[in-house]
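Q: Please take a close look at one part of this structure, the pairing of its strands, and then set that part beside the ring contacts and the domains. A connected account for a newcomer would be appreciated.

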Amino acid sequence: MKASKLLSSLFLTLILFSTFFKPSFSAELCRAKDKKVLLQIKKAFKNPYIYSGWDSKSDCCDWYGVKCDEKTHQIYSLFATDGDLSGPIPPQVGDLPYLEDIHFHKQPNITGPIPFAISKLKNLRSLIITNTGLTGRVPDFLGQMKNLDFISLSFNSLTGTIPRSIGLLPKLGGLLLDRNKLTGPIPDTFGDFKGNDFYLYLSHNQLSGKIPASLGRKDFTYIDLSRNRLEGDASFLFGSGKTMIQHVDLSRNLLEFDLSKVKFPKSLIFLDLNHNKIKGSIPTGLTVPEFQQFNVSYNRLCGKIPMGGNLQRFDYSAYFHNRCLCGAPLPKCKKRFKDNMEASKLLPTLFLTLIFFSTFFKPSFSAERCRPKDKKVLLQIKKAFKNPDTYSDWDSKSDCCDWNDVFCDVKTHQIYSLSASNGNLSGPIPPQVGDLPYLQEIDFHKLPNITGPIPFAISKLKNLRTLTITYTGLTGPVPDFLGQMKNLEYISLVFNSLTGTIPRSIAQLPKLVMLRLDRNKLTGPIPDTFGDFKGIYFNLYLSHNQLSGKIPASLGRKDFTSIHLSRNRLEGDASFLFGSGKTLQEVDLSRNLLEFDLSKVKFPKSLIFMDLNHNKIMGSIPTGMTVPEFQMINVSYNRLCGKIPMGGNLQRFDYSAYFHNRCLCGAPLPKC
C-alpha cells in the first residue's frame with residue numbers, strides 16, 4: 001500500500017517536472033573557443049571535403065578528425081588521413097592548448113614549413129606529419145617540447161640539418177625523419193635519448209660524416225640509417241650486452257669496419273648491411289640471433305659462412321658480391337694449400353718472379369677494366385635519360401667500372417648491377433638496358449620522372465636476379481615476360497602507377513622468393529597460380545591496389561613468410577592462409593571485405609604481425625591467439641564478439657586494436 005502511494009507521488013512529480021521544465025539533454029560538449037579555432041583551421045585549409053562535417057551549428061566533439069576528452073571536453077587530438085587539405089599548416093593549430101596528438105598523413109597538398117605556433121602546445125605528446133609536401137627545416141623548437149614522446153615527419157621534403165636539441169627530449173621514444181632531404185651529420189646528442197624501447201629512423205636522406213660514437217651508449221630497439229652517405233665505424237651500435245636492439249639497417253652507405261670483431265646481441269632479428277665497405281669474415285656469433293631478415297651482400301667480406309642458426313635460411317642474395325665469401329648458401333669454399341709449410345716454400349719463388357717481372361716488363365696498371373661495348377651502352381642510357389646529374393661522372397674518358405651506380409665483377413669486369421636513387425633521371429627506361437647481357441641487378445628507386453612501361457628489352461637479361469623499380473612514374477601492365485626470366489629471385493615494383501591484371505606466369509619462376517607489387521593500380525583477381533611459388537620463406541606484397549574477388553584457396557598450400565593483401569576489394573574466406581603447422585610471420589589483410597569465423601582458425605606459433613582491421617570477420621578471438629608472441633595485432637572494425645582471452649601478448653595492445661566490433665569485451669576493452 002505504501003509502495004503504491006510512493007509510485008503515485010513519483011508519477012505526479014515527473015508530470016510536474018516535464019510540464020514546467022525543459023532540460024537541454026542535447027547541450028553542446030564542444031568548448032566555444034575550440035570550435036572557433038577549428039573553423040579557422042578549416043578555412044585556412046581551403047574548406048576541404050574531408051572537413052565538410054565541420055559546421056558551426058553542430059558539436060565539434062562529433063566532428064571527423066577531432067577527439068575530445070570525455071570529462072573535460074577539451075580537444076586532445078586533431079587528425080586527417082588520405083584527404084584534400086591544402087596549403088600551409090595554419091598557425092591556429094597552436095590555439096588548441098590541450099592538444100596531445102597531431103596526425104596529418106598522406107596529404108600531399110599540405111605545403112610550407114612546420115609552423116612555430118606548434119611550439120605553444122605544451123601538452124603535445126605525438127607529432128605525426130607524414131607523406132605531405134612539407135618543406136623547410138626540422139624546427140629546433142621541437143627540442144623544447146618536453147612532453148613529446150613520438151615524432152614522425154617521414155616522407156616529406158624537409159631540408160637542412162637535424163637539431164641537436166631533439167636528443168634532449170626526456171620522454172621521446174620514437175623519432176622518424178626518414179625519406180626527406182636532410183643533410184649534415186647525425187647529432188652526437190642522439191646517444192642521450194632517455195626513452196626505453198627507442199625507435200630511430202633516419203634513412204633515405206643525404207646525411208654524411210661518421211656515426212657518432214655516443215650512439216653506442218644507447219640500446220636502441222630499431223635503428224635505420226640506410227641510404228645515406230655515412231662513413232667509418234658502426235660496430236659500436238651492437239654489443240652482446242644489449243637486450244633491446246632488434247632491427248638494424250645500415251645498408252647503402254660508405255661504412256667500413258671489421259665484422260669479425262663485432263659482438264652481436266641475441267635480441268637481433270633484422271640486420272641489413274648491404275652495399276657498404278665492410279671487411280673481415282662473418283663471426284660465429286651471428287648464428288645465435290634468430291634472424292628474420294639478414295643481408296651482408298655487396299661488401300668486402302671473406303671466409304666461410306658459419307653453419308648454424310638462421311644463416312642458411314637466407315638465399316645467396318643475402319651474401320653475394322663480397323670479396324671471397326664461400327660456403328652455403330654460396331658455392332663451397334675452394335681447397336687451400338695443404339699446409340702452411342708448403343705455402344712458405346713457394347714464397348721465395350714468388351719473390352724472385354716479382355723482381356724479374358718488374359725489371360724487364362712495364363705493365364700498364366692503369367689499363368681500363370670497362371668493356372668498350374658496355375661503356376657505349378651506358379653512355380646511350382645516360383643520353384636517353386637526358387644526361388641527369390646522377391650520372392654526371394659517366395664520361396667517355398674514364399673507366400665505367402668506377403662510375404657512380406655501376407658495379408663490375410672483380411674478375412671479369414662485366415657489369416652486373418645498375419642502380420640510381422633519389423635522382424633526376426627522366427623519361428622511359430631505355431631499351432639499351434637490355435644490351436648489358438651480364439646484368440644481375442636493376443635498382444631504380446625514388447625517381448618520379450621515370451615514365452612509361454617496363455620495356456620488353458629487359459626480357460633479354462637472362463642473368464637478371466633482382467628487378468627493383470620503385471617510387472617512379474611507371475605505367476602500363478606488369479609484363480607477362482617476367483614469368484620467362486628464370487633467374488629472377490626478387491621483384492619489387494612498389495609505388496608506381498601500374499595497371500591491369502597480375503600475370504599468372506610469375507608463379508612459374510623457380511627461384512623467386514619476393515614479389516612486391518603493392519601501391520599500384522592493379523585490378524582483377526589474385527592469380528590462382530600464386531599457391532605454387534617454389535621459393536622457401538616467400539614474401540608476397542599486393543597491398544594498396546584495386547584487386548577483387550576471392551583469395552584463391554590454392555594460396556593455402558603455400559607457407560608464406562609474409563603476406564600483405566591489405567587495402568584491396570578482396571572478399572570471402574582467408575582462414576586457409578593460417579595453420580598451426582606453418583611458419584608464417586606476417587599477415588596483413590586489413591581494409592578488405594573478408595568474411596570468415598576467426599574462432600575456428602588455428603594460428604602458427606611463428607606469427608608476430610597480424611592486421612585484420614576493417615573487414616567483416618565474425619566469431620570470437622580464440623585462445624590459440626595467446627600463443628604467438630605478437631609484436632603487432634589489430635582486429636578492430638569487424639564483427640567479433642565475446643571475451644578477449646587473457647594471456648600471451650593480447651593485453652599488450654591498447655583498446656584501438658580491438659574497438660568497433662559487435663560485442664567484444666574484456667581487457668583492454670571494458671569488462672564483459
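A: In this predicted model, strand E28 (residues 521-524) and strand E30 (residues 546-550) run parallel and are paired over two bridges. Within this pairing, Gly524 stands opposite Leu547 in E30. E30 also pairs with strand E32 (residues 569-572), again in the parallel sense, here over three bridges. In that second pairing, Ser548 faces Arg569 in E32 as its opposite residue. Strands of a sheet pair through backbone hydrogen bonds, either parallel or antiparallel.

A contact of another kind involves Arg516 and Tyr541: the charged end of Arg516 sits over the ring of Tyr541, 4.3 Å from its centre.

Parallel pairing is also found in an open sheet of five strands, which has the order E7-E9-E11-E13-E15. Strand E7 (159-160) and strand E15 (254-255) stand at the edges of this sheet, each with a single partner strand, so one side of each is left without a neighbour in the sheet. Elsewhere in the order, strand E11 (residues 206-210) is joined to strand E13 (residues 229-232) by three bridges, and the two run parallel. Lys210 has Glu231 in E13 as its bridge partner.

The aromatic rings add further contacts, and a search of the whole structure finds 30 aromatic pairs. For Trp54 and Trp63, the ring centres are 5.3 Å apart and the planes are at 20 degrees, so this pair is stacked. Both Trp54 and Trp63 are buried. The rings of Tyr637 and Phe659 have their centres 5.5 Å apart and their planes at 75 degrees, so that pair is edge-to-face. Tyr637 lies in the loop between strand E36 (632-634) and strand E37 (641-643), and Phe659 in the loop between E37 and strand E38 (663-665), so the pair ties together parts that are 22 residues apart in sequence. Tyr637 is partly exposed, with a relative accessible area of 31%, and Phe659 also counts as partly exposed, at 23% relative accessibility. In addition, Phe190, Phe193, Phe198 and Phe220 form one aromatic cluster.

Finally, the domain assignment of the protein gives domain 1 (369-473) and domain 2 (573-671). The centres of domain 1 and domain 2, taken over C-alpha atoms, are separated by 45 Å.

Methods. Residues numbered from 1 in each chain as written. Predicted model: local features only at pLDDT ≥ 70, side-chain atom pairs only at ≥ 80, totals over all residues. Heavy atoms only, no water. Domains from an automatic or database assignment. Pairing = 2+ DSSP bridges. Helix = DSSP H or I, 4+ residues; strand = E, 2+ residues; numbered from the N terminus. Phe/Tyr/Trp six-rings, centres within 6.5 Å; stacked < 30°, edge-to-face > 60°. Buried < 20%, exposed > 50% of the residue type's maximum accessible area, 1.4 Å probe, protein only. Lys NZ or Arg CZ within 6 Å of the ring centre and 35° of its normal.
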